[in-house]
Amino acid sequence: MYQALYRKYRPKSFCDVYGQDHVTTTLKNEIIENRISHAYLFTGSRGTGKTTCAKILAKAVNCENSQNGEPCNECEVCRALDSGSIYDIVEIDAASNNGVDNIRDLREEANYTPSRGKYRVYIIDEVHMLSTGAFNALLKTLEEPPAHVIFILATTEVHKIPATILSRCQRFDFKRIQPETMATRLKEVAEKEGLTLDGDAAILIARIADGALRDGLSILDQCSSRSKTVDSALVSQVAGLAGRDALYQLTDCILSKNSPRAMETLSKLYENSYDMERLCVEMINHFRNLLVVKSVNNSRGLVICTDDEFKSIEKAAESFTLEGIIFALDFFQTTLTKIKAGANSRIEMEMAFVMLCQPRLDYSQNAILERISQLELAVKRGVPASPAVQAAKEPAAEVTKTEPQQTATESPKNDEPVETPLSSVQEPNGSSAPAASKSETPSVTSPVQDNSVQNETEEFTQWAEFMDAIHKNDIALFGILNSSSAYVRGEYFLIDSPNPTVKEFIKIPTHMRAIKKSLFEVTGNNYKLGIFKKKTDSAQKRDLLEDLVNRAQGSVKINFE
């Protein structure tokens, strides 16, 4: 019958155990010096060798020809213990035998002397699953056990074990097996099985196994069923990984704020049966590597990958701010929690990438900090927040002071926009719009002075595209114009905003140019700017105090150029 690799190559002596030298050395010394304790506690994550070391210890203390603390694996007792023909070693699964009655039976059996060996050894796996009553029943036996009894308790959750139990055991903490150590063991097993395992594939398996050698051998076992030559591509297919190319592609989408491309990439991965939960874990690990590279000077030893991939990680980390990496890392952690709670994995991943590609959709504190850090990075690199439009050949015209607005002699209708020509600024096509003098100021009520004012006021329907362009050209102005709208009347672009600071912001030449550039990108037209203002029914002069109150309440919007 075929045996899985993790069972076939389970260590039979301490020298075969990888990555736990601090444990095996101590146990061998205790056996050599005959200082064997009555109770041991082995704790650590899954697949690190707890049960394996417990079995080796049980065999070593009963071996007839023990050498340097190691079992000989050749004497009659060792062979009988391996085959299970004697019952001096008892394995108990505490997950299914966690009651008081089970522990009472164990206490009664412990009084009997061993049949062949020197000790009766009880290995209680997942001991944290015992009930409170069962722990209390075990306590007295642990404190004063018979001389021929050894208890070995194994657990992955040591914090759930009562302190009274912990104080009566020798505790050994099993570490996660380092990827380099695991890769060495995987290559040895592959060679014995007649497999060709390249270095990148071994490291990738070790990364996926996350310190559990048993998981690593299981992945290698799956790969060997597909091909005798195991490379990183085969490992990615077997383990359901997205692959390094897809990870960097999705990372580039976050950098370039390209949500459509990110959605297309996710769709292709989903169609190829890539697990979205696994992809989320990979993105977390990927951004963890970026975080380490970004925050640690000598980070090579902390990132498990090949030299070529490390260069790619360094290059990607340069494009991110530390705040951006932490924000994305936290975002994917939250997404993984939602997926594990039962949410649709594909939808959650799609939402995550859209939110990361479009930061303006997220109004959380972390998102705002990340956007501010992007501005700081742009300034640090010498890139202006809203780059000036490059002039054609002639130099850009200088901004002149705004001319005062003439008072209209007639009263316009209610809700009629009033606009005043802007001062001279450079247009997106490189031309310069001259400032209008008082005599040239168009009046809304006078069709003779400007034909454009005869046009009806229409709502600007391309506001969303305009805001996208503003986000790209001037992110500070993007925040100011949020929750605003606009109207078009002839050659005028009138902004209707509840934010009173809009007027002052777009007086600044840099922001004014950003608006004109964005409008030209969206509409292809050069507009003059103004503020949309509602007129009252009467043209009579209003009371100054009443006007001041209205200004404070934000009900009056003032025109400017």
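Leaving aside neighbours within four places in sequence, S236 is in contact with L204 and L241. The coordinates come from a predicted model, and in that model S236 is placed in helix α11, which spans residues 232–239. Because its relative accessibility is 13% and the cut-off for buried is under 20%, S236 counts as buried.

Q20, by contrast in setting, is found in the loop that runs between α1 (5–8) and α2 (21–32). With a relative accessibility of 0%, Q20 also counts as buried, and, when residues up to four places away in sequence are not counted, Q20 touches T48, F174, K175 and I177.

The two polar residues can be set side by side as follows.

| Residue | Location | Relative accessibility | Contacts beyond four places in sequence |
|---|---|---|---|
| S236 | helix α11 (residues 232–239) | 13% | L204, L241 |
| Q20 | loop between α1 (5–8) and α2 (21–32) | 0% | T48, F174, K175, I177 |

Turning to the nonpolar interior, the largest nonpolar core holds 38 residues, of which L279, F287, F332 and F353 touch the most other members. At least two residues of this core are supplied by each of α12 (244–256), α13 (259–271), α14 (276–295), α15 (307–318), α16 (322–340) and α17 (345–357), and α14 gives the most, with nine residues. A second core, separate from this one, is made up of 30 residues, including L27, V77, L81 and I150. In soluble globular proteins, nonpolar side chains tend to be buried together.

Note on methods
Residues numbered from 1 in each chain as written. Predicted model: local features only at pLDDT ≥ 70, side-chain atom pairs only at ≥ 80, totals over all residues. Heavy atoms only, no water. Buried < 20%, exposed > 50% of the residue type's maximum accessible area, 1.4 Å probe, protein only. Contact = heavy atoms within 4.5 Å. Core = buried A, V, L, I, M, F, W, Y, C linked by side-chain atoms within 4.5 Å.
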